[in-house]
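Load the model in your viewer and keep the selection tool at hand. The stops below go in order, each with something to select.

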Amino acid sequence: MRTSILDCRIIELPRVKEPRGNLTFVENGKHIPFLIQRVYYLYDVPGGATRAGHGHRELQQLIIAMSGSFTVIIDDGNAHKEVPLNRSYYGLYIPKMIWREIVDFSSGAVCTVLASTLYDESDYFRDYAEFRAAKGTS
């Protein structure tokens, strides 16, 4: 399967609105196209810092701005797109073989990532040229 940035998409998560505060949830196998094996989050990111800057051979992710805002740059080796995230009920789905960078963190931003696999360093592309070669786009 050749993935492209067209395979990335915003997923609207369920929202329960109440005067006491809103609630959003994610259920395995129901709201996202993979089973969650790992959850991690980025926070206290200094102004001007860039996170991610890699691709994955097999991992799929849903990236959510739990608080504040940031921009995710997705790249399939041929095209790229900037996706701003700033609502806790929207997540950006990223399939395997997509390069991603996260930039423009607002003060107090929290980026939560739901991942389809456990951490495995061998799944990472950390060199963009190697990623493009694997995609056949170099």
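Start with Cys-8, which is buried at a relative accessible area of 10%; buried means under 20% relative accessible area, exposed over 50%, and partly exposed in between, with a 1.4 Å probe and protein chains only. This is a predicted model, in which local features need pLDDT of at least 70 and side-chain atom pairs count only at pLDDT 80 or more, while totals for chains, interfaces and linings use all residues. Residues are numbered from 1 along each chain as its sequence is written, and side-chain values use heavy atoms, with hydrogens and water left out.

**Cysteines**

Add Cys-111 to the selection; it is buried, with a relative accessible area of 0%. How many disulfides does the structure hold? The number is zero, a disulfide being a pair of cysteine sulfur atoms within 2.5 Å. For Cys-8 the nearest cysteine sulfur is that of Cys-111, 14 Å away. Seen from Cys-111, the nearest cysteine sulfur is that of Cys-8, and Cys-111 is in no disulfide.

**Strand 7**

Next select residues 70-75, which make up strand 7. Helices (H or I, at least four residues) and strands (E, at least two) are DSSP runs, numbered from the N terminus. Is strand 7 mostly covered or mostly uncovered? Strand 7 is mostly covered, with six of its six residues buried. Colour the two faces separately: Phe-70, Val-72 and Ile-74 lie on one side, Thr-71, Ile-73 and Asp-75 on the other, and all are buried.

**Partners of strand 7**

Extend the selection to residues 80-85, strand 8, which pairs with strand 7 in the antiparallel sense over six bridges. Two strands pair if DSSP finds at least two bridges between them. Within this pairing, Ile-73 stands opposite Glu-82. The two strands form a hairpin with four residues between them, and Gly-77 in the turn has a positive phi of about 95°.

Now add residues 99-103, strand 10, which runs antiparallel to strand 7 and is joined to it by five bridges. Here the bridge partner of Thr-71 is Val-103, and Val-72 stands opposite Ile-102.

Zoom out to the whole sheet. Strands of a sheet pair through backbone hydrogen bonds, either parallel or antiparallel. This sheet is open and has five strands in the order 8-7-10-5-12, with antiparallel pairing. Which strands are at the edges? They are strand 8 and strand 12 (124-125), each of which pairs on one side only.

**Nonpolar cores**

Show side chains for Ile-63, Phe-70, Val-72 and Ile-74, which touch the most other members of the largest nonpolar core, a set of 19 residues. A nonpolar core is a set of buried Ala, Val, Leu, Ile, Met, Phe, Trp, Tyr and Cys residues joined through side-chain atoms within 4.5 Å. Strands 6, 7, 8, 9 and 11 (110-115) each supply at least two residues of this core. The largest share, three residues, comes from strand 7.

Centre on Ile-74. Leaving aside neighbours within four places in sequence, Ile-74 is in contact (heavy atoms within 4.5 Å) with residues including Ile-5, Cys-8, Val-83, Leu-92, Ile-94 and Trp-99. Apart from this core lies another, of eight residues, among them Ile-11, Leu-13, Phe-34 and Leu-114.

**Salt bridges**

Finish with the charged side chains. A salt bridge is a side-chain nitrogen of Lys or Arg within 4 Å of a carboxyl oxygen of Asp or Glu, and by this rule the count comes to six.

- Select Lys-96 and Glu-58, whose side chains meet in a salt bridge at 3.5 Å, N to O. The pair links distant parts of the chain, 38 residues apart: Lys-96 is in the loop between strand 9 (90-94) and strand 10, and Glu-58 is in the loop between strand 5 (51-56) and strand 6 (61-67). Lys-96 counts as partly exposed at 24% relative accessibility, as does Glu-58 at 49%.
- Select Glu-12 and Arg-15, whose salt bridge spans 3.9 Å, N to O. Glu-12 is partly exposed, with a relative accessible area of 48%, and Arg-15 is partly exposed with 33%.
- Select Glu-27 and Lys-30, which form a salt bridge with the closest N and O atoms 3.6 Å apart. Glu-27 is partly exposed at 34% relative accessible area, whereas Lys-30 is exposed at 59%.
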